[in-house]
Amino acid sequence: DAGVYSFVQQSLSDKLTLNAGVRLQIHEVFGKEWIPSGGFSWRAAEYLTWKASVSKGFRSPTIRELYIWNHNSNLKPETIMNYETGFHFSLPEKNLKIELTGFLLNGDNMIIIVPMVGLENAGNINNKGIEFSSSFAPVKDLSLVFNYSYINMKEPVYATPEHNFYLSCNYVRDRLRVTASLQQVINLDTDPAVTKVAHEDYTLLNSRISYRVLKFAEIFVSAENILNQKYENNKYYPMPGITAFGGVKLRFQ
């Protein structure tokens, strides 16, 4: 299995930038595959940029998938086409950044687990959704980050949540640093078997406090899953409850 690729990016003006690329993948079993991509970035206003791209994804079955777990020599490569567009808004004097992206993903021959059978190609998938991200520093020592993603899945996709919220807060004052994060996951499929769907919902609250006692040393304490959520990212593998630990971090330059 070998490949070669080329990528080019060109600014046509102070507002418009184009990019394009192509990869040729050559596989002893599956032959040749051309994998193109292209996009542009348009600075619509001083603080507003519009971006869009189209790209193809391709993955051949691995040796493990073909032979190690049962015998799946009939597996075909996975192929995906991804279309996305979005806007980026920035106000440097206000320490504010906002980005909104919409995407459409069409895939074919996705490799999935079938109980008592092994691995098979599952056919088509069709996902579409939006992603929102923002960062804001309301005062000198405090910064906030918020991310949200929504994916509408025609068929459930393993390890991919329908909704994902994330909020973090970072406070730095002299030698003290305090961070806290809140994440909410809704409709996460934790079972890799295509014939089963195990939805999981949970909310995680984490925090960390550190203090730099010397130029090269800091002490810290942290706590994870403070809300003591009972959840699984993978079916039959429960995650730990409240976890707290501390330590000393040394840095040598």
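## A first look at the patch, the strands and the core

Eleven residues are named here as one nonpolar patch on the surface: Leu176, Ile209, Tyr211, Val213, Leu214, Phe216, Ile219, Val221, Val248, Leu250 and Phe252, with about 1000 Å² of accessible area together. Please keep in mind that this is a predicted model. Strands E13, E14 and E17 each supply at least two residues of that patch, and these strands are a good place to begin a tour.

**The nonpolar patch**

- Strand E13 gives the largest share of the nonpolar patch, with four residues.
- Val213, one of the patch residues, has its place in strand E13.
- Is Val213 buried or exposed, or something in between? With a relative accessible area of 36%, Val213 is partly exposed, because that value falls between the limits of 20% for buried and 50% for exposed.

**How the strands are joined**

- Strand E13 covers residues 199-214 and strand E14 covers residues 217-224; the two run antiparallel and are joined by seven bridges.
- Between E13 and E14 there are two residues, and the two strands form a hairpin.
- To find one of the places where this pairing shows, look at Arg208, whose bridge partner in E14 is Ser222.
- E14 is also joined to strand E17 (residues 243-250), this time by eight bridges, and these two strands run antiparallel.
- In that pairing, Val221 stands opposite Gly246 in E17. Val221 is also listed in the nonpolar patch.

**The largest nonpolar core**

- Which residues make up the largest nonpolar core? There are five of them: Val185, Leu188, Tyr202, Leu204 and Tyr231.
- Two elements give two or more residues to this core, namely strand E12 (176-189) and E13. E13 therefore has a part in both the core and the surface patch, since E13 is among the elements named for each by DSSP runs.
- Leu204, a member of the core, is in contact with Ser181, Leu182, Gln183, Asn225 and Tyr231, leaving aside its neighbours within four places in sequence. Of these contacts, Tyr231 is itself listed in the core.

**A stop at Thr49**

- Thr49 is found in strand E4, which spans residues 48-59.
- Why does Thr49 count as buried? Its relative accessibility is 18%, and buried means under 20%, so Thr49 falls on the buried side.
- Apart from neighbours within four places in sequence, Thr49 is in contact with Ser41, Trp42, Arg43, Ala44, Gly86, Phe87 and His88.

Conventions: Residues numbered from 1 in each chain as written. Predicted model: local features only at pLDDT ≥ 70, side-chain atom pairs only at ≥ 80, totals over all residues. Heavy atoms only, no water. Pairing = 2+ DSSP bridges. Core = buried A, V, L, I, M, F, W, Y, C linked by side-chain atoms within 4.5 Å. Buried < 20%, exposed > 50% of the residue type's maximum accessible area, 1.4 Å probe, protein only. Contact = heavy atoms within 4.5 Å. Patch = residues over 30% accessible without salt bridge, like charges linked within 9 Å, V, L, I, M, F, W, Y side chains within 5 Å. Areas by Shrake-Rupley, 256 points an atom, 1.4 Å probe, with all protein chains shown as cover. Salt bridge = Lys/Arg side-chain N within 4 Å of Asp/Glu carboxyl O.
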